[in-house]
Amino acid sequence: MTFRAKFQGVFYLAVASVSPVGTIQAADAKDIAFDAPAIVIAEPINPSVVEQPTMGGDLMRFRIPISTFQPAEFRGQVHEYVVEIDSPNQTCRVLDFWPKNEIYTEIDGTVSVESTLQKESSVHFNISAAYEPLGRGSAQGEWKNKANIQEHYQRKPPMQILSSSGMIRRGYGVMFKFRPGPLPSLEGVRDLAILAEVPRGWRADMLQITMRAVGVQQHSSRPQNLGESRLWMAAHREGDAAAAAAAKRYVTQERALRSLAASSQ
């Protein structure tokens with residue numbers, strides 16, 4: 001079977017999976033919107049520069065920019081963005097990914113802590129009370145003991161999670177979570193990178209990316225999905241002209257299919 005037939009077979013499978021029903025979910029005008037490239041180029045990596053153990057396949061690096069957009073009508077608050085990238089055919093085994101877990105703090109440097117403990121003990125006595133039967137003479141006295149204890153030490157400032165990531169699908173996918181840091185907005189572009197092992201001679205395949213926003217709507221405190229998109233991306237080996245042409249044909253045919261489905265509805 002030729003490469004073109006193989007790739008077209010994957011394409012037809014993808015079309016069946018990304019039919020207008022349930023693929024890119026219909027979004028409300030106030031929902032968070034997402035976007036990702038239709039074609040991703042896989043860059044071959046020299047295995048000698050990678051520390052992770054491999055199974056004898058080729059190593060590829062995928063760089064995937066994702067975009068998030070908050071419409072002007074949106075009045076809610078985003079708690080986190082969740083991005084999942086999956087290799088449905090299990091041809092791309094994830095070895096590494098970026099960004100990794102990131103934390104931040106609004107404090108620069110360490111925190112100086114000063115603790116002061118003051119102990120005070122006192123004894124009051126009244127002689128007239130102790131010797132009342134013997135006479136009316138009286139005398140009063142007081143004894144005090146004070147001790148001050150001071151401690152000075154340094155500690156790390158409180159940290160908050162900015163992003164977290166990890167493998168999913170038994171190593172054939174990766175997950176990223178992004179949370180607002182010092183800036184409340186998560187809108188914009190983020191670059192993701194994946195190092196994956198593919199079969200020897202690998203030329204192209206399909207990747208699926210799912211993106212969703214979790215947060216609260218205005219006048220509500222219950223977390224919910226504020227927007228979700230599920231997209232297919234064609235990935236091909238860098239420098240492979242035939243694979244790149246097949247990927248472009250897939251994108252063109254997918255757009256035609258969506259236009260046809262939209263017009264029929």
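Alanine 196 has a relative accessibility of 1% and therefore counts as buried, the cut-off for that class being under 20%. In this predicted model, alanine 196 is placed in strand 11, and its contacts, leaving aside residues up to four places away in sequence, are with Asp58, Leu59, Met60, Phe62, Cys92, Arg93, Val94 and Leu95. One of these partners, valine 94, is 102 residues away from alanine 196 in sequence, yet the two C-alpha atoms are 4.3 Å apart in space.

**The chain as a whole**

The protein chain contains 3 helices and 13 strands. Of its 265 residues, 38% are buried, and the accessible surface of the chain comes to about 16,400 Å², with 52% of that area belonging to carbon and sulfur atoms. The pairing of alanine 196 with valine 94 across 102 residues can be set beside a figure for the chain: when contacts between residues at least 6 apart in sequence are considered, 78% of them join residues at least 24 apart.

**The largest cavity**

Alanine 196 also belongs to the lining of the largest cavity. The structure holds 2 cavities of 30 Å³ or more, and the volume of the largest is about 80 Å³. Its lining is made up of Phe62, Ile85, Asp86, Ser87, Cys92, Val94, Tyr172, Gly173, Val174, Ile194, Ala196 and Leu207. Two or more of these residues come from each of strand 4 (77-86), strand 10 (173-178) and strand 11 (188-198). Sorted by class, the lining has 9 nonpolar, 2 polar and 1 charged residues. Phe62, Cys92 and Val94 appear in this lining and are also among the residues that alanine 196 touches.

**Salt bridges**

The structure holds 13 salt bridges, and three of them are listed here with the distance between their N and O atoms.

| Acidic residue | Basic residue | N to O distance |
|---|---|---|
| Glutamate 43 | Arginine 63 | 3.1 Å |
| Aspartate 58 | Arginine 237 | 3.5 Å |
| Aspartate 96 | Lysine 100 | 3.0 Å |

The salt bridge between glutamate 43 and arginine 63 links distant parts of the chain, since glutamate 43 lies in strand 2 and arginine 63 in strand 3 (residues 58-69), 20 residues apart. Strand 2 covers residues 39-45, and glutamate 43 within it has a relative accessible area of 18%, which falls under 20% and so makes this residue buried. Apart from residues up to four places away in sequence, glutamate 43 touches Leu59, Met60, Arg61, Arg63 and Glu238, so that its salt-bridge partner arginine 63 is also one of its contacts.

Aspartate 58 and arginine 237 meet through their side chains in a second salt bridge. Because aspartate 58 lies in strand 3 and arginine 237 in strand 13 (residues 224-237), this pair ties together parts of the chain that are 179 residues apart in sequence. Aspartate 58, at 14% relative accessibility, counts as buried, and it is among the residues touched by alanine 196.

How exposed are the two partners in the salt bridge of aspartate 96 and lysine 100? Aspartate 96 has a relative accessible area of 25% and is partly exposed, and lysine 100, at 38% relative accessibility, is likewise counted as partly exposed. Elsewhere, salt bridges that share partners join Glu84, Asp86, Arg169 and Arg212 into one network. Asp86 of this network is also one of the residues lining the largest cavity.

**Threonine 210 and histidine 219**

Threonine 210 is found in strand 12 (residues 204-216) and, with a relative accessibility of 10%, counts as buried. Setting aside residues up to four places away in sequence, its contacts are Val82, Val83, Glu84, Glu228, Ser229 and Arg230. Among these contacts, Glu84 is also a member of the salt-bridge network with Asp86, Arg169 and Arg212.

Is histidine 219 buried or exposed? With a relative accessible area of 77%, histidine 219 is over the 50% cut-off and is therefore exposed. Histidine 219 sits in the loop between strand 12 and strand 13, and although 143 residues separate it from glycine 76 in sequence, the distance between their C-alpha atoms is 8.2 Å.

How values were computed
Residues numbered from 1 in each chain as written. Predicted model: local features only at pLDDT ≥ 70, side-chain atom pairs only at ≥ 80, totals over all residues. Heavy atoms only, no water. Helix = DSSP H or I, 4+ residues; strand = E, 2+ residues; numbered from the N terminus. Buried < 20%, exposed > 50% of the residue type's maximum accessible area, 1.4 Å probe, protein only. Contact = heavy atoms within 4.5 Å. Areas by Shrake-Rupley, 256 points an atom, 1.4 Å probe, with all protein chains shown as cover. 1 Å grid on protein atoms, 1.4 Å probe; cavity = no way out; pocket = protein on both sides within 12 Å on 5 of 7 lines; lining within 4 Å. Points joined across faces, edges and corners; volume = space filled by probe spheres on them. Nonpolar A, V, L, I, M, F, W, Y, C, P; charged D, E, K, R; others polar. Salt bridge = Lys/Arg side-chain N within 4 Å of Asp/Glu carboxyl O.
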